[in-house]
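Open your viewer, switch on the cartoon, and keep the selection box handy. We will go from stop to stop, picking residues and looking at what sits around them.

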Amino acid sequence: WDVEGIELDSRAANVARSFYRLRIHEGRLEDVRSALRGEYDVITLYHVLEHVDDQISFVRDLATLCRPGGLVVIKTPNAQSLPARILEGWWEWFAAPEHLRVFSPSSLRGLLEPEGFATELILSRRGDASRTLFELVRGSARRFLRRPVRGEVAEDLALAQTYLGRGLKVYFAFAERLMETRMYRGLASLIEGWSKNIYLGGRRS
């Protein structure tokens, strides 16, 4: 693949250039549009679309950048997922102002198809770095404690500190023979899972 990318964060862009030897443009799509080389076979958006201000104009730009028959691969939180429907406003991906709009499968189609895209496949799986059960437990704890901690740099630590401050007990049950969990499937998912905390920490430092 002849890879070209767009990145807002200059540090991340420098890592991609120096370590992966990739051609990276710094800024938003509308800022670097004229510097892009042309039509692409595949365009990937991994947790990008929910951060975009003008999503209609953004998708129209994608349509001009994607060659006829090309693919656009989008990874974005699912507002109709089981955790989202149960936890409602306490779901961690309803995270304004970072996430400006979170999509369901039908609303995502409604955004893409008027601009000439056809939906080939939609997969709705576990939360980004969390199993569904873990997402439900964590979100329910936030709701019970009445303290949303999604803005904290280390949100799991903040949740634990809230438990401690309220004098609540935490119980651990080991069920190795009944179930198996894994937060990260490999290096790529580990990097993606940690990027939120690293981004928030860097922004505050």
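Helices and strands here are DSSP runs, at least four residues for a helix and at least two for a strand, numbered from the N terminus. By that naming, His47 sits in the loop between S3 and H3. One thing to keep in mind as you click around: this is a predicted model.

**The whole chain**

Start with the cartoon view. You should find 8 helices and 4 strands. Following the sequence, their order is β-α-β-α-β-α-β-α-α-α-α-α. The chain has 205 residues, and 31% of them count as buried.

**Two loop residues with positive phi**

Now select His47, in the loop between S3 and H3. His47 is not a glycine, yet its phi is positive, about 55°. Most residues other than glycine have a negative phi.

Next, go to Arg21. Which two elements does the loop holding Arg21 lie between? Helix H1 (10-20) comes before this loop and strand S2 (23-26) after it. Arg21 also has a positive phi, near 60°. Its relative accessibility is 70%, so Arg21 counts as exposed.

**The nonpolar core**

Select Leu29, Ile43, Leu49, Phe58, Leu62 and Leu65, and show their side chains. These belong to the largest nonpolar core, which has 17 residues, and they touch the most other members. To see where the core residues come from, colour S3, helix H3 (55-65) and helix H5 (105-112), since each of the three supplies at least two. Which element gives the most to this core? That is H3, with 4 residues.

**Salt bridges**

Time to look at charged side chains. How many salt bridges are there? The count comes to 7.

Begin with Glu4 and Arg37, whose side chains meet in a salt bridge at 3.1 Å, N to O. Glu4 is in strand S1 (residues 4-7) and Arg37 in the loop between H2 and S3, so this pair ties together parts that are 33 residues apart in sequence. Is Glu4 buried or exposed? With a relative accessible area of 16%, Glu4 falls under the 20% limit and is therefore buried. Its partner Arg37 is partly exposed, at 44%.

Move on to Arg11 and Asp9. Their closest N and O atoms are 3.1 Å apart, and the two form a salt bridge. Asp9 has a relative accessible area of 22% and is partly exposed.

Then pick Arg67 and Asp41, a salt bridge with an N to O distance of 2.3 Å. Arg67 is in strand S4 and Asp41 in strand S3, and the pair links distant parts of the chain, 26 residues apart. Both ends are partly exposed: Arg67 has a relative accessible area of 32%, and Asp41 is at 41%.

To finish this stop, select Asp2, Glu4, Arg23 and Arg37 together. Salt bridges that share partners join these four into one network.

**Surface patches**

Turn on the molecular surface and select Trp1, Val3, Val42, Tyr46, Leu71 and Val73. Together they make a nonpolar surface patch of about 650 Å². Strand S3 (40-46) and strand S4 (66-75) each supply at least two of the patch residues. Zoom in on Val73, which lies in strand S4. Val73 has a relative accessibility of 34% and so counts as partly exposed.

For a patch of another kind, select Glu30, Asp31, Asp53 and Asp54. What sort of surface patch do they form? A negative one. Asp31 is part of helix H2 (residues 29-32), and its relative accessible area of 54% is why Asp31 is exposed.

**Last stop: Leu123**

Finally, select Leu123 in the loop between H5 and helix H6 (132-145). Leu123 has a relative accessibility of 62% and so counts as exposed. Add Lys75 to the selection and draw a line between the two C-alpha atoms. They are separated by 9.5 Å, while the two residues are 48 residues apart along the chain.

Technical notes
Residues are numbered from 1 along each chain as its sequence is written. This is a predicted model: local features need pLDDT of at least 70, side-chain atom pairs count only at pLDDT 80 or more; totals for chains, interfaces and linings use all residues. Side-chain values use heavy atoms; hydrogens and water are left out. Patches are made of residues with over 30% relative accessible area and no salt bridge: like charges are joined within 9 Å, nonpolar side chains (Val, Leu, Ile, Met, Phe, Trp, Tyr) within 5 Å. Accessible areas come from the Shrake-Rupley method with a 1.4 Å probe; for residues, only the protein chains shown count as cover. Buried means under 20% relative accessible area, exposed over 50%, partly exposed in between (1.4 Å probe, protein chains only). Lys and Arg count as positive and Asp and Glu as negative; His and the chain ends are not counted. The place of a charge is taken as NZ of Lys, CZ of Arg, CG of Asp or CD of Glu. A nonpolar core is a set of buried Ala, Val, Leu, Ile, Met, Phe, Trp, Tyr and Cys residues joined through side-chain atoms within 4.5 Å.
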